[in-house]
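Visitor: Could you take me on a close look at one helix in this structure and what sits around it? I'd like the long version, please.

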Amino acid sequence: MILYGARPSPFVRKVLVFAAEKGLELDLRPGGFGQGGDAFARASPFGKMPAFEDGDFRISDSTAIITYLDTLHPEPNLIPTEAKARARTIWYEEFADTIVQATGMPIFFNRMVAPLLGVVQDLAAADAAEVKTLPGLYDYLENILPQSGFLVEDRFTLADIAVACPLINICYCSAVLKEGGLAPDQGLVAADAGAAELCRGAGGRSQGDRAHGRRMN
């Protein structure tokens, strides 16, 4: 199974962590930002990253890819089957994809990506997102995070993966989380650190094992 994209993308990272939890190895190949060639274009006609290929099956979008992987490999269970827990998991994934990522994008892009691409940085936009919007996201997460440190069913699920992945990019270039957001020993932040470790190429224990090992004492 081939995954096209770049590791710094929270959406690519989400699929990589989800697959690792399932014990699946994905062949990550460059895709997007002018990379990937015809193979990427066939899997993602609109250039959406990540894209995925499994034999003659091709699809793009992280949620679609995760749905495919989970249907083929339902265990270990990362998307709860109980109705309320499942709905909450899907909400947290949507929250991560459309709210956390939207808030983090101007911060990460302008502080980290723009210099690499040689484009003008809008540091004012980054500062505004960090000051005006980011604290509210952290307040929300701190208020709803259960004592266990996991977002749904007091265990590691797609909800934790989805929310942690865009937080990684934010934490590369913002100290708000450390200075006044979620307590650093919360399970969500542990999942954040574990996902970052996995996406740097770490082997060994699964992401879930690392998260369990680092959550609240």
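Guide: Sure, let's stay with α4 and its contact with α6. Keep in mind that this is a predicted model. On the α4 side, the residues that meet α6 are Thr89, Tyr92, Glu93, Phe95, Ala96, Val100, Gln101, Gly104, Ile107, Phe108, Arg111 and Met112. Across from them, α6 brings Leu158, Ala159, Ala162, Val163, Pro166, Leu167, Asn169, Ile170, Tyr172 and Cys173. Sort this contact by class and you get 16 nonpolar, four polar and two charged residues.

Now for the geometry. The axes of α4 and α6 come within 8 Å and cross at roughly 10°. With angles under 35 degrees counting as roughly parallel, α4 and α6 are therefore roughly parallel to each other.

Next, the partner that runs the other way. The α4 axis also comes within 8 Å of the axis of α5, residues 123–144, and here the two cross at roughly 150°. That angle makes α4 roughly antiparallel to α5. The crossing of this pair is left-handed. As for who touches whom, α4 puts in Trp91, Tyr92, Phe95, Ile99, Val100, Thr103, Pro106, Ile107, Asn110 and Arg111. From α5 come Leu123, Ala125, Ala126, Asp127, Ala129, Glu130, Thr133, Leu134, Leu137, Tyr140, Leu141 and Ile144. The residues of the α4 and α5 contact divide into 16 nonpolar, three polar and three charged.

If you compare the two lists, a few α4 residues turn up in both. Tyr92, Phe95, Val100, Ile107 and Arg111 are among those that meet α6, and Tyr92, Phe95, Val100, Ile107 and Arg111 are also among those that meet α5.

Let's turn to the empty spaces. The largest pocket has a volume of about 550 Å³. Of the 19 residues lining this pocket, Pro8, Ser9, Phe33, Phe108 and Val113 are the closest to its centre. You've already met Phe108, one of the α4 residues in contact with α6. Helix α4 gives the most to the pocket lining, with eight residues, while α1, α4 and α6 each supply at least two. By class, the pocket lining has 14 nonpolar, five polar and no charged residues.

There's a cavity to look at as well, and the structure holds one of 30 Å³ or more. Its volume is about 30 Å³. The residues lining this cavity are Pro10, Phe11, Lys14, Ala96, Asp97, Gln101, Ala162, Cys165 and Pro166. Here again, α1 (10–21), α4 (83–117) and α6 (158–173) each supply at least two lining residues. In class terms, the cavity lining has six nonpolar, one polar and two charged residues. Some of these names come from the helix contact we began with: Ala96 and Gln101 of α4 and Ala162 and Pro166 of α6 are among the residues that meet there.

Since α1 has come up at both spaces, let's follow α1 to another neighbour. Helices α1 and α3 pack at an angle of about 10°, with their axes 9 Å apart. That makes α1 roughly parallel to α3. The contact is made by Phe11, Lys14, Val15, Phe18 and Ala19 of α1 and by Ser62, Thr63, Ile65, Ile66, Leu69 and Asp70 of α3. By class, this contact has seven nonpolar, two polar and two charged residues. Phe11 and Lys14 are worth clicking on twice, as both are also among the residues lining the cavity.

Last, a look at the loops on either side of our helices. Between α3 (62–72) and α4 lies a loop that holds Pro76, and the peptide bond from Glu75 to Pro76 is cis, with omega near -5°. In the loop between α5 and α6 you'll find Glu153, a non-glycine residue with a positive phi of about 55°. Farther back in the chain numbering, another cis peptide bond joins Met49 and Pro50, with omega about 10°. Pro50 is in the loop between α2 (37–43) and β3 (51–54).

Conventions. Residues are numbered from 1 along each chain as its sequence is written. This is a predicted model: local features need pLDDT of at least 70, side-chain atom pairs count only at pLDDT 80 or more; totals for chains, interfaces and linings use all residues. Side-chain values use heavy atoms; hydrogens and water are left out. On a 1 Å grid over the protein atoms alone, a cavity is a set of points where a 1.4 Å probe fits but cannot get out, and a pocket is an open set with protein on both sides within 12 Å along at least five of seven lines; lining residues have an atom within 4 Å of a point. Grid points are joined across faces, edges and corners, and a volume is the space filled by probe spheres set on the points. Helices (H or I, at least four residues) and strands (E, at least two) are DSSP runs, numbered from the N terminus. Ala, Val, Leu, Ile, Met, Phe, Trp, Tyr, Cys and Pro count as nonpolar, Asp, Glu, Lys and Arg as charged, and the others, Gly among them, as polar. Axes are lines fitted to C-alpha atoms, for helices over the stretch in contact, and angles run from 0 to 180 degrees between N-to-C directions. Angles under 35 degrees count as roughly parallel, over 145 as roughly antiparallel, 65 to 115 as roughly perpendicular and the rest as oblique. A crossing is left-handed if the near helix is turned anticlockwise from the far one by less than a right angle, and right-handed if clockwise. Contact means heavy atoms within 4.5 Å.
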